[in-house]
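Q: Please take a close look at the backbone of this model, in particular at its unusual peptide and torsion geometry. I would like one connected account that also sets this geometry in the context of the chain.

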There are 2 protein chains.
Amino acid sequence: MNLHPDYLLNRVEEPEDIKTMSMDQLEQLAEEMRTLILERVSTIGGHLGPDLGIVELAIAYHYVFNSPTDKVIWDVSHNSYPHKMLTGRKLGFMDPDHYQDISGFTAPDESDHDFFKIGHTSTSVALAVGEAEARDLKQDPKHRNIVAVIGDGSLSGGLAFEAFNNASKVKGNLIIVVNDNEMSIDDNQGGLYQGLAELRATEGKSPNNLFTFMGLDYRYIEDGNDLPTMIQMFKDVQDIDHPIVLHIHTLKGKGYQPAIDEKFKYHWRKAFDPATGEDRQAPAQESYNQAVVKELLAEIDEGHEIAAINAAIPGAFGLKDFQAAQPDRYFDVGIAEQASITTAVGMAEAGIRPVVFENSTFLQRGLDQLIHDVALNSSPIVMVVVNGSISSQSATHQGTFDISYISSLPNIEYLAPTSVEEMVSMLRWAIHQQDVPVVIRQPAHELLHRPATTNDYDEVKYEIAHQGQDVALMAVGGFWKLGEQVQAQLKEKLNIDATLINPISVTNLDYETLHHLPEQHDVVVTIEDGNLSGGFGETIARYFGPTNVKVLSFGAPREFADAVPLDVLYNQYHLTPQQIVDDIQRVVHTF
Amino acid sequence: MNLHPDYLLNRVEEPEDIKTMSMDQLEQLAEEMRTLILERVSTIGGHLGPDLGIVELAIAYHYVFNSPTDKVIWDVSHNSYPHKMLTGRKLGFMDPDHYQDISGFTAPDESDHDFFKIGHTSTSVALAVGEAEARDLKQDPKHRNIVAVIGDGSLSGGLAFEAFNNASKVKGNLIIVVNDNEMSIDDNQGGLYQGLAELRATEGKSPNNLFTFMGLDYRYIEDGNDLPTMIQMFKDVQDIDHPIVLHIHTLKGKGYQPAIDEKFKYHWRKAFDPATGEDRQAPAQESYNQAVVKELLAEIDEGHEIAAINAAIPGAFGLKDFQAAQPDRYFDVGIAEQASITTAVGMAEAGIRPVVFENSTFLQRGLDQLIHDVALNSSPIVMVVVNGSISSQSATHQGTFDISYISSLPNIEYLAPTSVEEMVSMLRWAIHQQDVPVVIRQPAHELLHRPATTNDYDEVKYEIAHQGQDVALMAVGGFWKLGEQVQAQLKEKLNIDATLINPISVTNLDYETLHHLPEQHDVVVTIEDGNLSGGFGETIARYFGPTNVKVLSFGAPREFADAVPLDVLYNQYHLTPQQIVDDIQRVVHTF
């Protein structure tokens, strides 16, 4: 049910509907939109601060420009809620029954006013440069204005800089709005932000200016939350014949005081009570994150020279606790995954043991650094990867690829713990050894307790949790519990006493155990929480390829899953215990 | 034999040996070193212009600082020849019998004065930041000076910017030398270079300064090839207690006029005659590059809206010819692989068909852009990948990983042509279709002529080049000829009439053909020019995992191969026809 049938926003079907509104009406619209953002995010979770701060920008954009003939590209696009409300998707914010119809990011399949699926930062300027260059090449007079909106936080990502460098080569219209709210997800990191602060302090008059240095035209707007100012700004540059940067100063969280006071906490929230600011669902009492941080602090107490490095998302790893306890050993490099890895390699050469924290989906930005800096130098850094998993979240942040692109690299040991005790045991070993880079895939599932069976991972030795026969189940990391369930059902339903193996590593094989498996097993089954293509299952399939052993591999197919509930996904992917047992039965019966 | 027993350089065993030399002697050393660079490169190939320009810098560094207690990190490190001559490796430049002892890049296994294996650009500042932060964390007074030397061309790579942003957070010593020779590999690209030009024009006095904008101290030195000036510069900043940028202006190619006049041509050369500038070995009459460029130009003539994009290495793709014919449709984004891909996605959205040219080893920098921008958006860009191959070149540039990290991605079609005709046929189809991103792996082998058997790759349909039985050989792309050789030897030596299949694609399978293969075949053999781990062979091994068909996969193991001759590598990897036949025989005999 539409909670606000009285709202002016109900009159807005298309952006052109706001073009005839008075300034008072537009201001009222802004108020309504802020209420709706808060209602939706506090109910189902999402991005709050970034969207509250950008309401006037979105209204002004659609008031002045003609979408979708003119094109706007929202960087990261988690700040596109106001844009969505003005482009035919208001019900996704007014009616809780329709909240889930609308994704948290721009989505061309939702609307003609969105041009790309975007969920990672720092891409908007490069996309806009491409749009502008293509328009000029085609001598296409239609798309007169190409607008990119990029936050100050996103500027720290190298791709943004690469794109600004190319923006000045564009010969026609290109409007880049730098939305400076003085924040990244967390505090901004690095010297760049001194320069931006100086520009704000001088209202854009400082001659030392990153943007003009790179040959770009530039204007500064102090109050990016003032609607008349923003409308005038866009009118001034509409149809401009060259690239220009509009540096606007906005207030992250505007309209909801807790989000202004605690910008990090309210950047992105799970569902919460707007009155108290408390999560609606209490966080788990124990987490892998807590165990990892506790172990690192204990290692430091024992005299180990450790540093913790992350790229702008300490909340994803519980690193705020580490930072509080060991501020000198905490490094946030900004939204700069490449630098997080290569800087760690520098540290490791100098005798510090860096523990680099990465989110699977963002680690994709660091592949060359993993290959050329880490693997080639066999640099003994330690890396913890979270959210490497099949999940129900947005396809923009899919974490199913990491096993494929890491396990194929030389020298790196990629370990997959099944439990919190094993996670800590592997982390300790990784820190104490000096020989190889170690990546640890933190389970993305409910915390599991089971003891580690070794403290030494110098050579990978599979854990045989149960010795059976005929069928050997290899359950990787976070899918351990699924492996146990399959084992139980095989016994119960088919009277097969399957062997259950924890393979410990997704890179290095335990050749001895594998060599002897065929003596008592005809079928080997791999179960992994990631892509089948290039995954662990294929490694095992290749190993047994020349033998009589049959291999069945379970995992995710080569596809993007966009906000599909996890139980539906598992069902589609044949990842329920029943489905796996059925598939095994089919193969066993062909004997 | 040492060609120059009379050289002063013979007296230099360690850097400290130059500390007692007079300025005249140091100048003489510089002259000698330039002669040696030219001799080595013209004889065995290598980097010329960058090393000729940096001789004084290297001498001054080692004259002032104490290596290896003080540490210098050479960006890309193809400019480390002078450094190598002064750190115990002079014979690698004086004695042709020892040329091959010394790699073209820094190598810790060669010398304690090298700290990292480096061959890709833009990493030095991040590595140096890590070194400096680690020194300060450990309160280690030994490594007082950490020096990074980065060229102006390398500044266009996003990682360099990410690292500069973090450099200003370093609290102790950090010296970043920006070696500005006004060139990248080709001409510099982008607005950044306007800013640098203005700094050169004002001798560093312009208030608009990227480096001070980011909070870094800064000095400009106009003549970076003047030895006394360079020595004084380093003396001035020795043991400085904070980060500083030394922006020095040098002459690329100094000392060899052709390299000054034609900086692109002489950046990196195969062996050549220094008198005439001609290659010692005439280039091939026909190349894949030429065929690709010819096809693109023909498509443009037919009215297709094409652009060609590359990241600073047009020479690797023969794109100079394209640029000359279609300057408006030619885009060089600088050393910025991320931007090359994301900008292409922007172009494709606007209706231009971008053809992105990438070198396998550098494409690693674009994985997130391939996943998040290309695959997720199913953006119909076309990409040509060169040097995806097992090769005898430096491990820093190993091209064996691309199948692993591309073929596991959704939506992308990764095609592997076997011949020039097939390459062109695939390229034409890729340009004409509108649905999916298409990547084409250009064979890295001698040009092969064989007709394409189809012009339609909408659905992958394997080419059965020869129908036999018992054994099916699937030879991928550049290894087609090897597949033919194996087929011939199987017939000749084992009287096995093997089926020979061209699988066309390394991503999408021809399920129908695969489904029927077991009817007449017991063994399937895959042969691919890349990593086994995550490669095509594993895809096939997984497909046949649950069946009675045996699969043997041939390719490269998970390792780096550093300048090992190709025949030796093939032998190690079981990639000679004889070895493959022997391995097949072993499996066939177990029936």
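**Backbone geometry in context**

A: Of the contacts in chain A with a separation of 6 or more, 76% are between residues 24 or more positions apart. The model is predicted, and the values below are computed from it.

The setting for the backbone details is a chain with 23 helices and 18 strands. For its 591 residues the globule rule gives 25 Å, and the radius of gyration of chain A is close to that at 26 Å, so the chain is as compact as a globular protein of that length. The C-alpha trace of chain A extends over about 80 × 55 × 55 Å along its principal axes. Of the 591 residues in chain A, 66% are buried. The area that chain A exposes is about 19500 Å², with carbon and sulfur atoms supplying 47% of it. Chain A carries 42 positive and 85 negative charges, and the mean positions of these two sets are 4 Å apart.

The peptide geometry comes next. In chain A, the bond from A:S67 to A:P68 is cis, and its omega is near 5°. The proline, A:P68, belongs to the loop that runs between α3 (55-64) and β2 (71-74) of chain A. In chain B, a cis peptide bond links B:S67 to B:P68, with omega about 5°. B:P68 is placed in the loop between α3 (55-64) and β2 (71-74) of chain B.

Two residues of chain A call for attention on account of phi. A:N387 has a phi near 60°, which is positive although the residue is not glycine. This asparagine sits in the loop between β11 (382-386) and α17 (402-407) of chain A. Its relative accessible area is 34%; A:N387 is therefore partly exposed, as this class lies between the buried limit of under 20% and the exposed limit of over 50%.

A:D470 is likewise a residue other than glycine with a positive phi, here near 70°. A:D470 is part of strand β15 (residues 470-475) of chain A. With a relative accessibility of 35%, A:D470 counts as partly exposed.

An annotation gives further context. An unreviewed UniProt entry lists residues 286-450 of chain A as "domain: Transketolase-like pyrimidine-binding". Over residues 286-450, the chain is 40% helix and 16% strand, and the C-alpha atoms at the two ends are 14 Å apart.

Technical notes. Residues are numbered from 1 along each chain as its sequence is written. Chains are lettered from A and ligands numbered from 1 in the order in which they are written. This is a predicted model: local features need pLDDT of at least 70, side-chain atom pairs count only at pLDDT 80 or more; totals for chains, interfaces and linings use all residues. Side-chain values use heavy atoms; hydrogens and water are left out. Helices (H or I, at least four residues) and strands (E, at least two) are DSSP runs, numbered from the N terminus. The radius of gyration is taken over C-alpha atoms; the globule rule is 2.2 Å times the number of residues to the power 0.38. Buried means under 20% relative accessible area, exposed over 50%, partly exposed in between (1.4 Å probe, protein chains only). Contact means heavy atoms within 4.5 Å. Accessible areas come from the Shrake-Rupley method with a 1.4 Å probe; for residues, only the protein chains shown count as cover. Lys and Arg count as positive and Asp and Glu as negative; His and the chain ends are not counted. The place of a charge is taken as NZ of Lys, CZ of Arg, CG of Asp or CD of Glu. UniProt positions are given in the numbering used here, feature names are shortened, and annotations may be inferred rather than shown by experiment.
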